[in-house]
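Student: I would like a close look at one part of this model and at what lies around it. Please start from a single residue and work outwards.

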Amino acid sequence: MSAIYANVSNQVAALKELYTGDDYMKDLVYKKNPLLALIPKDESPSGFAGKYIPVPLVYGTPQGRSATFSNAQGNQTAPQISSFFVYRVSNYQLATITNELLEATKDNAGAFVDEAKLVMDTAFRNITNDLALSLFSSGTGSRGQISSITSPSTGVGATTIALSDAASVVNFEVGMTLVATATDGGSPSSDTVVITSVNRSTGVLKGTASANPLSANWAQNSYMVVQGDIPTGGASSTTSFLKITGLAGWLPKVAPSSGDSFWNVDRSADPTRLAGVRFDGSSESIEEALIDAASLVAREGGQPDMCFMSFASYAALEKSLGAKVQYVDVKHEEADIAFAGIRVHAPCGPITVIPDRSCPAQTAYLLQMDTMKLRSLGKAPHILTYGLEGLEGLRVGTADALEIRIGYYANLICNAPGWNAVVSLSA
């Protein structure tokens, strides 16, 4: 039998073996993203079949009860029912492998895999970080707000941007192409800033602007979005969002008012049952805030079992508990991975608090996890094969390279928002 040399087909097939089981999900997707790892999922082929998923919710019981029969009969009402019609969104990450690498390793598939694995691993990490952020976000694509911005006086050159919340620097990477919106979800600028450096201590970004002067959207208090993550006309409602509608959408910090349209539902009819519990714990210790918020959720019939917050808030909680702190490990049901947390005892039972780097500063989400589900067509993320069983490498028409596509089609579902809470924290 003649020898079989490595070629485009079997080299890429060899690489595929690293990204078809659960190991890549554990190591590249779940390991540093607790909410993404622990949230219940439906990744079956029918997990998000059809145009949308209806999420019915009874937020009011039928009336027609009275100690007087005639009043009971005369005051009957139907159950108050709403249905969120949730659309899936798509997200893509491209990984390009140069033909030079293919040629240099054509007699050694192992060498190819070693070199190409770096490209694939970092590509998976990038789209995973974006997905993890999306689960905490509202769906508008905003990654951070501008505190101040300075641009060169002439020509197209370095632009310096200070973030309003330095902790949101975790949402930015060198090489990102950003647009700006005057409001969260507003129409994006046509001009861009490409990030060239990130100061993760100070929360200051530097980048190259496509125009000078930049448009009025690039100003104090404006929001920054990766180009293509928001429609050209803006994202004014859930049905126009290009990103996953995460916790900030399902559990907004501001109660919905009349005219609200969240997946075609006006949640102002019952802002708690339709949009979650809101609690301002900024004047309390973090432990007290969590206990008080949990008691409000319990009053509504919920039983939150998990809480997610930033590392800074988690550290403040840990220090304030002192000798009372109780540590606990939470294990993923399928992947061989566990997360360390702190147990807080609340009126509705114990709650496990876990830090997540994608959670906004001074914000905690108290969740009854069985009311949440990340629905997707297949794993989120996964390598896109376009109906083929093998890994498909596409020749790049404008470059001497192969392109591999990673992506997902998904959205977050909550079937009982009122059994969950968003909490404003003191630290």
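Does Cys414 count as buried or exposed?

Tutor: Cys414 counts as buried, with a relative accessibility of 1%. Bear in mind throughout that the model is predicted.

The strand pairing gives Cys414 its setting. Cys414 belongs to β20, where it stands opposite Met372. The two strands concerned, β17 and β20 (residues 401-414), run antiparallel and are joined over five bridges. β17 also pairs with β1 (residues 41-42), this time in the parallel sense and over two bridges. In that pairing Asp42 is opposite Arg375 of β17. In general, strands of a sheet pair through backbone hydrogen bonds, either parallel or antiparallel.

The side chains of β17 alternate between two faces. Met372, Leu374 and Ser376 point to one face and are buried, whereas Lys373 and Arg375 point to the other and are not. Met372, the residue opposite Cys414, is thus found on the buried face.

Thr371 sits in the loop between β16 and β17 and also comes up against Cys414. The C-alpha atoms of Thr371 and Cys414 are 5.5 Å apart, although 43 residues separate the two in sequence. Leaving out residues up to four places away in sequence, Thr371 touches Ile413, Cys414, Asn415, Ala416, Trp419 and Asn420. With Asn420 there is a polar contact between the two side chains, at 3.0 Å. Thr371 itself is buried, at 3% relative accessibility.

Leu374, on the buried face of β17, leads to the nonpolar interior, since it is among the residues touched by Ile244. With residues up to four places away in sequence left out, the contacts of Ile244 also include Val89, Leu131, Leu135, Tyr408, Ala410 and Leu412. Ile244 is a member of the largest nonpolar core, which has 59 residues; together with Phe84, Trp250, Phe308 and Leu367, it touches the most other members. Helix α6 (residues 109-136) gives the most to this core, namely eight residues. Another core lies apart from it and has 25 residues, including Leu290, Tyr314, Ala346 and Cys348.

Phe308 provides the step from the core to the sheet, as its bridge partner is Ile354 in β15. Strand β12 (residues 306-309) and strand β15 (residues 349-355) pair in the parallel sense, over four bridges. Both belong to an open sheet of seven strands with mixed pairing, in the order β11-β21-β16-β12-β15-β14-β13. β11 (277-280) and β13 (327-331) are the edge strands; each has a single partner, so one side of each is left without a neighbour in the sheet. On average, neighbouring strands here are turned by 30° against each other, direction ignored.

Two helices lie against these strands. Helix α9 (residues 286-299) lies across β11, β12, β14 (338-346), β15, β16 (363-367) and β21 (421-424), and runs at about 150° to β11. Helix α10 (residues 311-321) packs on the sheet as well, touching β12, β13, β14 and β15, with its direction at about 55° to that of β14.

As for cysteine chemistry, the structure holds zero disulfides. Cys307 is an example: its sulfur is 7.9 Å from the closest cysteine sulfur, that of Cys359, which is too far for a bond. The cut-off for a disulfide is sulfur atoms within 2.5 Å. Cys307 is buried, with a relative accessible area of 0%.

Some backbone details remain. β17 (372-376) is followed by a loop to β18 (382-383), and Pro381 lies in that loop. The bond from Ala380 to Pro381 is a cis peptide, with omega near 0°. A cis peptide also joins Asn212 and Pro213, with omega about 5°. Pro213 is in the loop between β9 (204-209) and β10 (223-226), and Asn221 is found in the loop between β9 and β10 too. Asn221 has a positive phi of about 75° without being a glycine, and it counts as partly exposed at 44% relative accessibility. Trp263 likewise is not a glycine and has a positive phi, of about 50°. Its place is the loop between α7 (247-250) and α8 (271-275), and at 1% relative accessibility Trp263 counts as buried.

Note on methods: Residues numbered from 1 in each chain as written. Predicted model: local features only at pLDDT ≥ 70, side-chain atom pairs only at ≥ 80, totals over all residues. Heavy atoms only, no water. Pairing = 2+ DSSP bridges. Axes fitted to C-alpha atoms, helices over the stretch in contact; angles between N-to-C directions. Contact = heavy atoms within 4.5 Å. Buried < 20%, exposed > 50% of the residue type's maximum accessible area, 1.4 Å probe, protein only. Core = buried A, V, L, I, M, F, W, Y, C linked by side-chain atoms within 4.5 Å. Polar contact = N/O pair within 3.5 Å; in protein donor to acceptor, adjacent residues only side chain to side chain.
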